[in-house]
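Hello,

Here is the structure I promised to pass on to you. Have a look at it first, and then read on for my notes.

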Amino acid sequence: MTEQRQSPRKVFKTRAMLAVEGSAPVLGRTTDISAQGVSINLPNPVPAGQTAQLRFDLLVDGNIVPINTRVKVTHCILSHGEFKAGFQFLNLDLGAMTSLARFLR
């Protein structure tokens with residue numbers, strides 16, 4: 001498998017709420033994040049290519065910044081009894097992009 005990440009990742013552990021259209025929102029836990037996307041451990045699989053709404057909080061300069069954005073599933077694998085899914089951010093708004101950049105530096 002070739003490395004598809006275009007930017008460095010930072011370990012990032014927090015709760016995340018994923019809402020796939022037509023399904024009840026699911027709670028997961030993030031594992032790492034980059035400027036392009038985030039990796040989340042979920043209780044159930046999500047199909048690659050699926051889009052969804054994702055919400056999580058970033059701690060930036062001592063302040064909690066809620067991030068609410070569209071994402072696309074890039075991959076999903078079974079790992080240690082849960083599903084590890086990669087998500088690409090779609091159309092992050094300027095505020096979220098700025099907060100993310102500050103978090104990642």
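Below is what I found, going from the core to the aromatic rings, then to two buried polar residues and the helix. Please keep in mind that this is a predicted model.

**The core**

Let me begin with the largest nonpolar core, which has 24 residues. Which of its members touch the most others? They are L18, I33, F56, L58 and F87. Two or more residues come from each of β2 (15-20), β4 (37-42), β5 (51-60), β6 (63-79), β7 (82-90) and α1 (94-104). Strand β5 gives the most, with five residues.

L18 is a good place to start if you want to click through the contacts. Leaving out residues up to four places away in sequence, L18 touches A24, P25, V26, L42, V46, A52, Q53, L54, V71 and F87.

**The aromatic rings**

Next come the rings. A pair of aromatic rings is described by the distance of the centres and the angle of the planes. The count of aromatic pairs here comes to three. In one of them, the ring centres of F12 and F56 lie 5.7 Å apart with the planes at 65°, so this pair is edge-to-face. F12 sits in the loop between β1 (10-11) and β2, while F56 is in strand β5, so far along the chain that 44 residues separate the two and the pair links distant parts. Both F12 and F56 are buried.

F12 also pairs with F103, again edge-to-face, with 5.1 Å from centre to centre and 70° between the planes. Because F12 is in the loop between β1 and β2 and F103 is in helix α1, this pair ties together parts that are 91 residues apart in sequence. Are these two rings buried or exposed? F12 is buried, with a relative accessible area of 6%, and F103 counts as buried too, at 13% relative accessibility.

Taken together, F12, F56, F89 and F103 form one aromatic cluster. There is a charged neighbour as well: K10 lies over the face of F103, 4.5 Å from the ring centre.

**Two buried polar residues**

T14 is in the loop between β1 and β2, and at 19% relative accessibility T14 counts as buried. Not counting residues up to four places away in sequence, T14 touches G28, R29, T30, F56 and D57.

S34 is in the loop between β3 (26-33) and β4. S34 is buried, with a relative accessible area of 2%. What does the side chain of S34 reach? It reaches the backbone nitrogen of Q36, at 3.1 Å. Beyond residues up to four places away in sequence, S34 touches S7, P8, R9, F89, L100 and L104.

**The helix**

Finally, α1. The buried residues of α1 are A96, S99, L100 and F103. Seen down the helix axis, these residues fall within an arc of 100°, so they line one face of α1. They pack against β1, β3, β5, β6 and β7. At the N-terminal end, α1 is capped by D93, which has a side-chain oxygen 3.1 Å from the backbone nitrogen of G95.

If you open just one view, I would pick F103: this residue of α1 is among the buried ones, pairs with F12 and has K10 over its ring face.

Best wishes

Technical notes
Residues numbered from 1 in each chain as written. Predicted model: local features only at pLDDT ≥ 70, side-chain atom pairs only at ≥ 80, totals over all residues. Heavy atoms only, no water. Core = buried A, V, L, I, M, F, W, Y, C linked by side-chain atoms within 4.5 Å. Buried < 20%, exposed > 50% of the residue type's maximum accessible area, 1.4 Å probe, protein only. Helix = DSSP H or I, 4+ residues; strand = E, 2+ residues; numbered from the N terminus. Contact = heavy atoms within 4.5 Å. Phe/Tyr/Trp six-rings, centres within 6.5 Å; stacked < 30°, edge-to-face > 60°. Lys NZ or Arg CZ within 6 Å of the ring centre and 35° of its normal. Polar contact = N/O pair within 3.5 Å; in protein donor to acceptor, adjacent residues only side chain to side chain. Arc of directions from axis to C-beta.
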